[in-house]
Each structure stands twice: as C-alpha cells, then as structure tokens.
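User: I've got a structure open and I'd like to know what stands behind the labels people put on it. Can we go through a few?

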Amino acid sequence: MAKFSIENFRHSDGYPASVRWWRSANPRGAVLYLHGIQSHGGWYETSGSLLAERGLTVLMPDRRGSGLNQQERGHCASAERSIADVRELLDALLQETGRDAAHVAGVSWGGKLAAAATPTMPQQVRSLSLIAPGIFPRVDLPTMEKFRVAFSLVNHRKRLFDIPLNDPRLFTGDPERIRYVEGDALKLTQVSAVFLVASRQLDRKARQLAESPWRGPVHLLLAGRDRIIDNELTAAWLRALPSPDRQITQYPDAQHTLEFETDPSRYFKDLCDWIVERCDADTRTPATTS
C-alpha cells in the first residue's frame, strides 16, 4: 500500500484531531475522505492508498471524538460544527495541493456529512463520491431511547447513548472483517445526545442538496444487501439531483461496508476510476453554479 503519515490537525476551536495524509509530489487531484459514524480512517486505508497510487493526494481525517481522537469521545456540539470541520480540512487540502477544488468522498455517515457540507462551499467541491451514504438510514433508536435523548438535551447534553449499529454483521459478512470490527478498540460505540440531534439536522441538510447551487458530478455506490441505509430512497434522491453528471453503481451481493467485502477489487476500481476521470477532465476548475 502507498505510504501515509498520521499527523495532528487543530481545528479553529482548538480541537486537536488526527488525520491521515497520502501526499503525491505532483498530484493529479485532491481527495478529502470522510468515514462513518462508528468507523475511523483505519477502516479505509486500502482505498486511500489505492487513490494515492493513482496520483492523488488524499486527506483522511478521524472525525472529532472518534478513531484516534480521545478528547470528548462521541461528542460534537452541532451540525454546524461538523460542517465547519469539513470546511477547515478542505481548506488545508487545497492549500497543500495548490488546487482550487477537490473531490470529496464520504462513507455512510461521512457521506451524509459530505452532502450536507457541499452547499456551504460549492466552489471548492469538484465532485462527490457517496459510498452507502447515511442520508436515509434504516436503523434508528428505540422509542424510549429517543425520550431519554430528549430529556438529556435539557439536563445533560453530553450524556452518551449506544449507537444502534453494534452488530458487526451489519457492516460485513466476511468472517475476518467481522473479527476485525469486533476487536477494534478505536471504533465508536456511543455518541452524545447533542450529537444525535446534530445527526438528524445533517439528514435534512443532505437531503436539500438539490436545492443548492452546486451542480458537480456525483457517484453513488450502493451495497445490495445493505441493512443500514435505504437504497431505494437514496437512489431516488440521487436521480432528483440537478447535477448533469450522476452515476449509480450497485453491488447486488455486497453488505454496507464495501471496503470489507471478501473481494472488494471491483469496488476499488470503480471508486478510483470515477474519481481519476473527473480529476483528469478538469483538475483545477471548481464545480459550476447557477
């Protein structure tokens, strides 16, 4: 795999985050890669390395409160703070590469965040790859747990609640990968009450991407046996976007985390080829707006 470095990144509010960098000397493009709610950058090092091998500079952060980041574990104060983090990371990537715009890839919850953040920086996002994005989730908190969350918003906003995705078989059917997820000490199992509210707000913001001026290319990659997101609603959302360059790629027998398939080679090729084609077509022109 292509070599990467793990470095510190300090957000504008002082939060110290860990990020993975794959740097290319003369990059053909730049990719900001956002992981899911339970995962972290370590789950996606293979795809990050493959993108780097194709000549791209890749920045893959561990979201605040997750992965290598131990401060305020499972917490983020608001949807706006999550979006601000993406903007700051994208600014750093563009400065590093000298580009005017970059490609943004988002997996699961990270796909939702990517779609929600894009309208706030339309000139800087060249295109989107949304990998089983959590815009229309099928998994939700039990009703009583929702009441406890609402109560905590008044009395204890940072109280932690279990993420309803703690069965690794929701992510993959591969036995080796199931064992990896089960034993992953860095995976996130709980988030704060206010994080859950922020996540709901990001759902709404992501679903409103079509109402924004952004018209860049979008690639939606779906797992046919996904039990975490609603594929039909997600595909319908993609088809309703006004972007002229839209593509849906489906893997009928795959489960949610495409990276964790027993043989993910087709997925890796599809992901990398699509991004490289858009970068080569126009590596320095930002997405057009109306």
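Analyst: Sure, let's start with Ser108, which sits in the loop between strand S5 (102–107) and H3. One thing up front: this is a predicted model.

User: Why is Ser108 called buried?

Analyst: Buried means under 20% relative accessible area. Ser108 comes in at 10%, so it counts as buried.

User: And what makes the backbone of Ser108 worth a look?

Analyst: Its phi is positive, about 55°, although Ser108 is not a glycine. Most residues other than glycine have a negative phi. Ser108 also turns up in the lining of the second largest cavity.

User: Which residue besides Ser108 has a positive phi without being a glycine?

Analyst: Glu72, with a phi of about 50°. It's a loop residue too, placed between S4 and H2.

User: Why is Glu72 called partly exposed?

Analyst: The label covers what falls between the 20% and 50% cut-offs. Glu72 has a relative accessible area of 33%, so partly exposed is the right term.

User: Let's move to Thr57. How do you know that it is buried?

Analyst: Its relative accessible area is 2%, and the cut-off is under 20%, so Thr57 is buried. Thr57 belongs to strand S4 (residues 56–61). Leaving out residues up to four places away in sequence, it touches Trp21, Trp22, Arg23, Ser24, Pro27, Gly29, Ala30, Val31, Leu93 and Thr97.

User: What does the side chain of Thr57 reach?

Analyst: The backbone nitrogen of Ser24, at 3.0 Å. A polar contact needs N or O atoms within 3.5 Å, and 3.0 Å fits that distance.

User: Why is Ser129 called buried?

Analyst: Ser129 has a relative accessible area of 0%, so with a cut-off of under 20% it is buried. You'll find Ser129 in strand S6 (residues 125–131). Again skipping residues up to four places away in sequence, its contacts include His103, Val104, His219 and Trp274. As for Leu51, 78 residues apart from Ser129 along the chain, the two C-alpha atoms are separated by 13 Å.

User: Now the cavities. How many does the structure hold?

Analyst: There are 3 of 30 Å³ or more. The largest has a volume of about 140 Å³, and 15 residues line it. Closest to its centre are Leu34, Pro61, Arg63, Leu89 and Leu113.

User: Which elements give two or more residues to that lining?

Analyst: Helix H2 (79–97) and helix H3 (109–117). H2 provides the largest share, 4 residues. By type, the lining of the largest cavity splits into 7 nonpolar, 4 polar and 4 charged residues.

User: What about the second largest cavity: how many of its lining residues are charged?

Analyst: None: the lining has 5 nonpolar and 6 polar residues, with no charged ones. The volume there is about 50 Å³. Among the lining residues are Trp43, Tyr44, Phe171 and His256. Gly36 is in that lining as well, and Gly counts as polar.

User: Last one: what is the average pLDDT of the protein?

Analyst: It's 94, and 97% of the residues score at least 70. Residues 283–290 have a pLDDT below 50. That stretch still has 24 contacts in the model beyond near neighbours in sequence.

Conventions:
Residues numbered from 1 in each chain as written. Predicted model: local features only at pLDDT ≥ 70, side-chain atom pairs only at ≥ 80, totals over all residues. Heavy atoms only, no water. Buried < 20%, exposed > 50% of the residue type's maximum accessible area, 1.4 Å probe, protein only. Polar contact = N/O pair within 3.5 Å; in protein donor to acceptor, adjacent residues only side chain to side chain. Contact = heavy atoms within 4.5 Å. pLDDT = per-residue confidence, 0-100. 1 Å grid on protein atoms, 1.4 Å probe; cavity = no way out; pocket = protein on both sides within 12 Å on 5 of 7 lines; lining within 4 Å. Points joined across faces, edges and corners; volume = space filled by probe spheres on them.
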